[in-house]
Amino acid sequence: MRSHRLRELLELLQPYWSKDPELNLPQVLQKIADEAGFNKPLAELTDEVIIYHLKMSGRGKHDPIPGVQKDYEEDFKTALLKARGIIKE
């Protein structure tokens, strides 16, 4: 795991874990897996699933993913024109 991903994971995990400080790390990971609907063995839980779930924790089901919001366009035509470089930001 690259160090920036590890830092991101730890930053996201700290506030989540502080809600249930009596849990140990495997229990916290199992709780994340359960909440994310991950039904495979815990050993197969990837850091991508953990990071995504922690980023989306507390957000609505249809809310945009943090980090992607900056690229969000309400209008498809505008998004397409920006992608083609016809419209500058």
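## Salt bridges and core of a four-helix chain

In this predicted model, the side chains of Arg5 and Glu48 come together in a salt bridge, with nitrogen and oxygen 2.8 Å apart. The pair ties together distant parts of the chain, since Arg5 belongs to helix α1 and Glu48 to helix α3, with their positions 43 residues apart in sequence. Glu48 is partly exposed, having a relative accessible area of 44%, and Arg5 also counts as partly exposed, at 22% relative accessibility.

Arg5 has another acidic partner, for its side chain meets that of Asp47 in a salt bridge with an N to O distance of 2.6 Å. Here too distant parts of the chain are linked, Arg5 in helix α1 with Asp47 in helix α3, 42 residues apart. Asp47 counts as buried because its relative accessibility is 16%, where the cut-off is under 20%. The position of Asp47 can also be described relative to Leu9: the two residues are 38 apart in sequence, while their C-alpha atoms are 7.8 Å apart in space.

A further salt bridge joins Lys55 to Glu8, and the closest N and O atoms of this pair are 2.8 Å apart. Lys55 in helix α3 and Glu8 in helix α1 are 47 residues apart, so that this pair, too, links distant parts of the chain. Both partners are partly exposed, Lys55 with a relative accessible area of 27% and Glu8 at 25% relative accessibility. Through salt bridges with shared partners, Arg5, Asp47 and Glu48 are joined into one network. A search of the whole structure finds 4 salt bridges, among them the three pairs tabulated here.

| Salt bridge | N to O distance | Separation in sequence |
|---|---|---|
| Arg5 and Asp47 | 2.6 Å | 42 residues |
| Arg5 and Glu48 | 2.8 Å | 43 residues |
| Lys55 and Glu8 | 2.8 Å | 47 residues |

### The nonpolar core

The largest nonpolar core comprises 11 residues, namely Leu9, Leu13, Tyr16, Val28, Ile32, Ala33, Phe38, Leu45, Ile50, Ile51 and Leu54. The elements that contribute two or more residues to this core are α1 (3-18), α2 (25-36) and α3 (47-56). Within α1, the buried residues are Leu9, Leu13 and Tyr16, and the elements that cover them include α2 and α3. In general, an α-helix has 3.6 residues a turn, so residues three or four places apart point the same way.

The length of α1 agrees with what is expected of it: at 1.5 Å a residue, its 16 residues should span 22 Å, and its end C-alpha atoms are 22 Å apart.

Two residues may serve to show the contacts made across the sequence. Ile51, which is one of the core residues, touches Arg5, Glu8, Leu9 and Leu12 when residues up to four places away in sequence are left aside. Its contacts thus include Arg5 and Glu8, residues that also take part in the salt bridges described above, Arg5 with Asp47 and Glu8 with Lys55. His53, located in helix α3, touches Ile32, Glu35 and Ala36, again without counting residues up to four places away. Among these contacts of His53 is Ile32, itself a member of the largest nonpolar core. His53 counts as buried because its relative accessibility is 13%, where the cut-off is under 20%.

### The chain as a whole

The protein chain has 4 helices and 0 strands, and from the N terminus on its elements follow the order α-α-α-α. Of its 89 residues, 17% count as buried. The chain exposes about 7000 Å², of which carbon and sulfur atoms supply 55%. When contacts between residues at least 6 apart in sequence are considered, 27% of them join residues at least 24 apart.

Confidence should be kept in view when these features are read. The protein chain averages a pLDDT of 84, and 87% of the residues score at least 70. In the chain, confidence is lowest in helix α4 (residues 76-83), where the mean is 79, and highest in α2, where it is 95.

Notes
Residues numbered from 1 in each chain as written. Predicted model: local features only at pLDDT ≥ 70, side-chain atom pairs only at ≥ 80, totals over all residues. Heavy atoms only, no water. Core = buried A, V, L, I, M, F, W, Y, C linked by side-chain atoms within 4.5 Å. Buried < 20%, exposed > 50% of the residue type's maximum accessible area, 1.4 Å probe, protein only. Contact = heavy atoms within 4.5 Å. Areas by Shrake-Rupley, 256 points an atom, 1.4 Å probe, with all protein chains shown as cover. Expected span 1.5 Å × (residues − 1). pLDDT = per-residue confidence, 0-100.
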